[in-house]
Amino acid sequence: MDISAFVLFWAAIFTSNILLTNFLGMCSYLSVSREIDSAMGLGLAVIFVLTITSALNWVVYHYLLVPFGIVYLQYIIFIVVIAAFVQFLELLIERYAPALYYSLGIFLPLITVNCAILGVSLFMVIRSYSFIQSVAFGAGSGIGWLLAILMLAGLRRKLKEKLIPIGLRGAGISLIITGIMALGFIGFSGIVQVQ
Amino acid sequence: MTKKEIFVNAAFRENSVWRQILGICSALAVTNLMLNSLILGLGVIFTLTLANFTISLIRNWTPRSVRMMIQTLIIASYVIIVDIFLKANLPEISKQLGPYVGLIITNCILMGRAEAFASQNKPFDSMIDGIGAGLGYTLVLLVISFVRELFGFGSIFGLRILGDWWISWSIMVMAPSAFFLLALLIWAINTYYYKAKA
């Protein structure tokens, strides 16, 4: 892969948005998008965790799994690294920034099971990114995810008083909105090609 | 509950996708081809059945505080088996599914069933619950991919059934159609439930 990290960063936000084109992180995207504030909190936490864990997992993969020939264990190792990092972050924030802990803390356990985090680490291995590329891809994906959840949260607030067919309320209408957003993001797709 | 009730409950009444909106990441991502959906569905059934069985088997010796981590590790071990099996026997499909095989681990359906059922019930019942939930999930994948493959490629399971006159809708192969189709499916089923209740 000879795409520069800078291009990859922008591509991860717009042309191959982790949520709108790769469908990763849908569960928490749908359940936490009722309020803009909590969407923002979770989004920021995702950016942070995604950037750090993609770096950590790159190091673990290239300096631990490959030399010892245990690449087939990557799923277990990656998920353990992610869970351990999130746990560590939780302890750290609780100890040193209690105010931040109360606004962000409840989202941290949700992040371990957010498929975007594991997904980015797996994409990084499959597309054989370099270290810098992985970090840029992780950060870009996080920002792209924040963008998507913020847009949905804003739109859902507008929808609160609207008459929606009863069967479509909640998840149904959110998925349709997401579909329309994904249509909009197709407009970016000619700019750069990452695969 | 009898075994049949457990099965029906897991597959339809509590179907993870349309009742609880869980595990839709991969439900959307792999559904542009029916074959890929079927293979991923089988992978989920396999993982779900055995993971439920194992989690239920050790449920009395699992400390509550670390049970999530243990459940995740059990699930991950079975996913590795699926992944190695696919790489060895169906390398082409394994390549197309890419990261989505590994992402079975973070598929909320597995943790959902482990928490809601396997951690409180007997091993054999949990296995039936796993098969039911897995089949319900595969059913949703197949319904969505049927529409997407039919309109997007004019084929079913790779066999072209619409003639040369058919002009493929490229939108069906792309991301937005997956969101729209899942929304329509949820709409139809919810409306049916409300009608049945009334």
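A pocket, as the word is used here, is an open set of grid points with protein on both sides within 12 Å along at least five of seven lines. In this predicted model, the second largest pocket comes out at about 690 Å³. Its lining is made up of 29 residues, and the ones lying nearest the centre are A:Pro109, A:Thr112, A:Val113, B:Met68 and B:Met111.

So which helices build that lining? From chain A, α2 (26-31), α4 (74-96) and α6 (108-112) each put in at least two residues, and α5 (67-89) and α7 (108-118) of chain B do likewise. It is α4(A) that hands over the largest share, seven residues. Sorted by character, the lining of this second largest pocket splits into 16 nonpolar residues, nine polar and four charged.

Now for the aromatic rings. Over all chains, the count of aromatic pairs is 19. Take A:Trp58 and A:Tyr63: their ring centres are 6.4 Å apart, which falls within the 6.5 Å limit for a pair, and because their planes meet at 65°, over the cut-off of 60, the pair is edge-to-face. The two partners sit in contrasting surroundings: A:Trp58 counts as buried because its relative accessibility is 14%, under the 20% limit, whereas A:Tyr63 has a relative accessible area of 59%, over the 50% limit, and is therefore exposed.

Chain A also has an aromatic cluster, formed by A:Phe6, A:Phe9, A:Trp10, A:Phe14, A:Phe185 and A:Phe188. Elsewhere, a ring is paired up with a charge: A:Arg95 has its charged end over the ring of A:Tyr96, 5.1 Å from the ring's centre.

How values were computed. Residues are numbered from 1 along each chain as its sequence is written. Chains are lettered from A and ligands numbered from 1 in the order in which they are written. This is a predicted model: local features need pLDDT of at least 70, side-chain atom pairs count only at pLDDT 80 or more; totals for chains, interfaces and linings use all residues. Side-chain values use heavy atoms; hydrogens and water are left out. On a 1 Å grid over the protein atoms alone, a cavity is a set of points where a 1.4 Å probe fits but cannot get out, and a pocket is an open set with protein on both sides within 12 Å along at least five of seven lines; lining residues have an atom within 4 Å of a point. Grid points are joined across faces, edges and corners, and a volume is the space filled by probe spheres set on the points. Helices (H or I, at least four residues) and strands (E, at least two) are DSSP runs, numbered from the N terminus. Ala, Val, Leu, Ile, Met, Phe, Trp, Tyr, Cys and Pro count as nonpolar, Asp, Glu, Lys and Arg as charged, and the others, Gly among them, as polar. Rings of Phe, Tyr and Trp (its six-membered ring) pair if their centres lie within 6.5 Å; planes under 30 degrees apart count as stacked, over 60 as edge-to-face and the rest as tilted. Buried means under 20% relative accessible area, exposed over 50%, partly exposed in between (1.4 Å probe, protein chains only). A charge sits over a ring if NZ of Lys or CZ of Arg is within 6 Å of the ring centre and within 35 degrees of the ring normal.
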